[in-house]
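Work through the exercises below with the structure open. Try each task before reading its solution.

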There are 2 protein chains.
Amino acid sequence: MKAYKELSESELLALREELNKEYEEAKAKGLKLDMSRGKPSMSQLDMERDFLGVIDADSDVNTEGGVDCRNYGLLDGIPEVKKLMADMLGVSDDMIIVFGNSSLNIMYDTIARAMIFGVIDGTPWCRLDKVKFLCPAPGYDRHFAITEQFGIEMVTIPMGEEGPDMDLVEKYVNGDPAVKGIWCVPKYSNPQGYTYSDETVRRFAALKPAAADFRIFWDNAYAIHDLYEEGGDELLEILSECEKAGNPDMVYEFGSTSKVTFPGSGISALASSKANLDSIRKTMTIQTIGPDKLNQLRHVRYFKDIEGMKSHMMKHASIMRPKFEAILKVLDRELGDAGIGSWTRPRGGYFISFESMAGCAKEIVKKCKEAGVVLTGAGATYPYKADPNDSNIRLAPTFPSEEELSVATDLFVLCVKLTSVEKLLQNKQE
Amino acid sequence: MKAYKELSESELLALREELNKEYEEAKAKGLKLDMSRGKPSMSQLDMERDFLGVIDADSDVNTEGGVDCRNYGLLDGIPEVKKLMADMLGVSDDMIIVFGNSSLNIMYDTIARAMIFGVIDGTPWCRLDKVKFLCPAPGYDRHFAITEQFGIEMVTIPMGEEGPDMDLVEKYVNGDPAVKGIWCVPKYSNPQGYTYSDETVRRFAALKPAAADFRIFWDNAYAIHDLYEEGGDELLEILSECEKAGNPDMVYEFGSTSKVTFPGSGISALASSKANLDSIRKTMTIQTIGPDKLNQLRHVRYFKDIEGMKSHMMKHASIMRPKFEAILKVLDRELGDAGIGSWTRPRGGYFISFESMAGCAKEIVKKCKEAGVVLTGAGATYPYKADPNDSNIRLAPTFPSEEELSVATDLFVLCVKLTSVEKLLQNKQE
């Protein structure tokens, strides 16, 4: 196959006609498929049905320490679940608060708390003229939605295979006291699936923030979400690196079992220093009587320990891996030599990131939608939904069945080709 | 029995000696009992063990409309649970958002939201010089803890058998634009067990607030928590009264199943007007992917409908009622003619409220504690933990067994007598 850029105008016109015909045929099929969100598939959910019955009418509902999980008490989590979540994040039990079913909710509340009360003894952010967050991008749309809602100014930081551009991160964090935070998905990043290198993590730990209340929002959403038994990415544990570097309070780390057990029926955790956790417990004890301990207990009873959880994740992987590979195979075959896009090959997480030619992403997503395949909105992976190159598209392979996925990917590839040809023709005519 | 006030100094001295002896004997028993919080007892929790197994590995996990409750989706609750919570609060389904396991958490977040974003189009409260809340007292300590944490000035409003002093409420709400809210537990109030009269509810509905963003925080925590099959208190439904009175957006109503199923593993709901709910959904969709739908499903499958829930509440009542009656019997017998205290006789809820002689509550609670019986801290039922008369004590009969309760009440009565005698002697000597 020739690279599209080398095609003459007449070749492009012929190709466009051919692709347009294919596209009209695809539209006529009346597809209705969704590749927009990182949702586990039915087969993943069915595979763990036993979780639902792990606590029943005859179960012992006490913690190992004898606390009745049905009643009030244990604000920050039952000890054995602290241990489980600590092991998941690679930290010690006393650095964990267990929360409810949504780590996003912890992140939101952590920022809300900083807005109203400040971070530890800092000025409440709502009293400041300007608060800025660094946003490595492409990144997670829901992170950006939170900072946008709070009126926090978002500064885009380019993402690379080793993580965010650390020269820029250092410049902003160490130089600008209005910079109060940075959003990170450090392992199998959303959407690229990149894992921060040890060097990147060490440079994070060694930051010298201009603001004492600067915090790294370390969303370790895919901590144990490998697609392969062997050769999964390894992420350096940041809390101990920060401790070593004299920045013990600089990180809020988040994790959850939303994609381990069930989305919306999992448990979440915050890992941080004692000073940070103590400060949070002080407001938390006013906010709630504590999260659902019976659901915490379900998790311990079902997994027993981190080894149980990890081997469970391999069952997820066995369902997800073929889907990732199927997409990659089609992309390689159909677009490998065309020079009209590039894509990532993650070894874990929930997404593949696709880079189209500049100025094509919106149109590709639109064309897919018109033919019945919903992708994540183009631009969603950037702050303010504004992708400066209009080139990034997030592919979420997990929810559709393998068969649906194959149909959806064929359509995606077709839309990439057609849009690219239209773009190249447009460029020639300009 | 003579009223204590009519006793001579020598009679009081003799009585003190006798009571002191009894108290020393009681202390020697080394009791360890807790009447401090409104916690269901083990027998209540054991009675509903079947709830735990109502969803198991073989269950259909779809809503009636076919949504898989294990996966993401349905931000504001599954329809059949909206119906259940609507029936519990006596409103229509479309006035309900279902939340997680804690109605306290909804209240906290509702105030946090008002602080940061304002109520609908109002100025964020954090930008105002002064925000005030009216606090009918004695009231619920956790309400006051929330407003205190947010730096909201609390104005105490006296509680009577028909509800808060409405002349005062009208004066403040209609006259002072800094008054943004009022805390109410309108049915079986905490701690007195009073239910607001129809007249009180109508006067609430007819308020003409000076602040457009004034809201009534209507914590209907004991909506279906009757102690008796017949003759339970009836509360007029406030949302429709407000609608009629031209104040459709004035109320946030809260409810939960924390004391219907399990504390910490129940579900909670907010009932309000469409305008209020729409505004909340706008921030909620950024804050969370939604509450645990499997736990919502457990509630529908277990209760079927509101009738099932109400008959379940009668099982709770059959366990709780004898405890309330046991306390009342001891109080009547031991203190009925002594003129050193009065108490309420609720027909529902979780508490009995005791009024000692002025200046005695702290000392009574202290004496009880020293002899091994923990009561709610004296003062806790007032804003800033400051009971102006130092006379209110909240008794929580539910958690101890009947036998423990009898021992604890005997001690309580003894401490009331001893403290009152000491007070009367002190008054005589002044």
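## Exercise 1. A buried arginine

The model is predicted. In it, A:Arg113 is buried yet forms no salt bridge. Place this residue and describe what surrounds it.

Solution.
- Find the element. A:Arg113 sits in helix H4 of chain A, residues 103-117.
- Look for a charge partner. The nearest side chain of opposite charge is A:Asp109, 5.3 Å away. A salt bridge needs a nitrogen-to-oxygen pair within 4 Å. A:Arg113 therefore has none.
- List the contacts, leaving aside neighbours within four places in sequence. They are A:Gly118, A:Ile280 and A:Thr283.

## Exercise 2. The overall build of chain A

Does the radius of gyration of chain A agree or disagree with that of a compact globule? Describe the extent and burial of the chain as well.

Solution.
- Take the expected value. A compact globule of 430 residues would have a radius of gyration near 22 Å.
- Compare. Chain A has 23 Å, so the two agree.
- Add the extent. Along the principal axes, the C-alpha atoms fill a box of roughly 75 × 55 × 35 Å.
- Check burial. Of the 430 residues, 61% count as buried.
- Check the contacts. Take those between residues at least 6 apart in sequence: 77% of them join residues at least 24 apart.
- Count the elements. Chain A holds 13 helices and 13 strands.

## Exercise 3. The eight-stranded sheet

Give the strand order of the eight-stranded open sheet in chain A. Which strands are at its edges?

Solution.
- Read the order. It is S2-S9-S8-S7-S6-S3-S4-S5, and the pairing is mixed.
- Find the edges. Strand S2 (96-99) and strand S5 (163-164) of chain A each pair on one side only.
- Recall how strands join. Strands of a sheet pair through backbone hydrogen bonds, either parallel or antiparallel.
- Inspect one pair. Strand S3 (residues 132-137) and strand S4 (residues 153-160) of chain A run parallel and share six bridges.
- Fix the register. A:Pro136 has A:Ile157 in S4(A) as its bridge partner.
- Add the helix. Helix H5 of chain A, residues 141-149, lies across S3, S4, S6 (179-184) and S7 (215-219). H5 runs at about 160° to S6(A).

## Exercise 4. The three-stranded sheet

Now turn to chain B. Which strand order does the three-stranded open sheet have? Why do S10 and S13 each have one side without a neighbour in the sheet?

Solution.
- Read the order. The strands of chain B run S10-S11-S13, with antiparallel pairing.
- Identify the edges. S10 (341-343) and S13 (392-395) of chain B each have a single partner strand, so one side of each lacks a neighbour in the sheet.
- Note the twist. The average is 20° from one strand to the next.
- Take the S10(B) pairing. S10(B) and S11(B), residues 352-356, are linked by three bridges. B:Gly341 is partnered by B:Ser356.
- Take the S13(B) pairing. S11(B) and S13(B) are linked by four bridges. B:Ser353 is partnered by B:Arg394.
- Check cover. In S11(B), four of five residues are buried.
- Add the helix. Helix H11 of chain B, residues 306-335, lies across S10, S11 and S13 of chain B. Its angle to S11(B) is about 20°.

## Exercise 5. Unusual backbone geometry

Most residues other than glycine have a negative phi, and most peptide bonds are trans. Examine the exceptions listed here: two cis bonds in chain A, then positive phi at A:Tyr384 and B:Ile120.

Solution.
- Start with A:Ala137 and A:Pro138. The bond joining them is cis, with omega about 5°. A:Pro138 lies in the loop between S3 and H5 of chain A.
- Go on to A:Asn190 and A:Pro191. Their peptide bond is cis, with omega near 10°. A:Pro191 belongs to the loop between S6 and helix H7 (198-205) of chain A.
- Turn to phi. A:Tyr384 has a value near 55°. A:Tyr384 is in the loop between S12 (373-375) and S13 (392-395) of chain A. With 40% relative accessibility, A:Tyr384 counts as partly exposed.
- Finish in chain B. B:Ile120 has phi near 50°. The loop between H4 (103-117) and S3 (132-137) of chain B holds B:Ile120. At 33% relative accessibility, B:Ile120 is partly exposed.

Note on methods. Residues are numbered from 1 along each chain as its sequence is written. Chains are lettered from A and ligands numbered from 1 in the order in which they are written. This is a predicted model: local features need pLDDT of at least 70, side-chain atom pairs count only at pLDDT 80 or more; totals for chains, interfaces and linings use all residues. Side-chain values use heavy atoms; hydrogens and water are left out. Helices (H or I, at least four residues) and strands (E, at least two) are DSSP runs, numbered from the N terminus. Buried means under 20% relative accessible area, exposed over 50%, partly exposed in between (1.4 Å probe, protein chains only). Lys and Arg count as positive and Asp and Glu as negative; His and the chain ends are not counted. Contact means heavy atoms within 4.5 Å. Two strands pair if DSSP finds at least two bridges between them. Axes are lines fitted to C-alpha atoms, for helices over the stretch in contact, and angles run from 0 to 180 degrees between N-to-C directions. The radius of gyration is taken over C-alpha atoms; the globule rule is 2.2 Å times the number of residues to the power 0.38.
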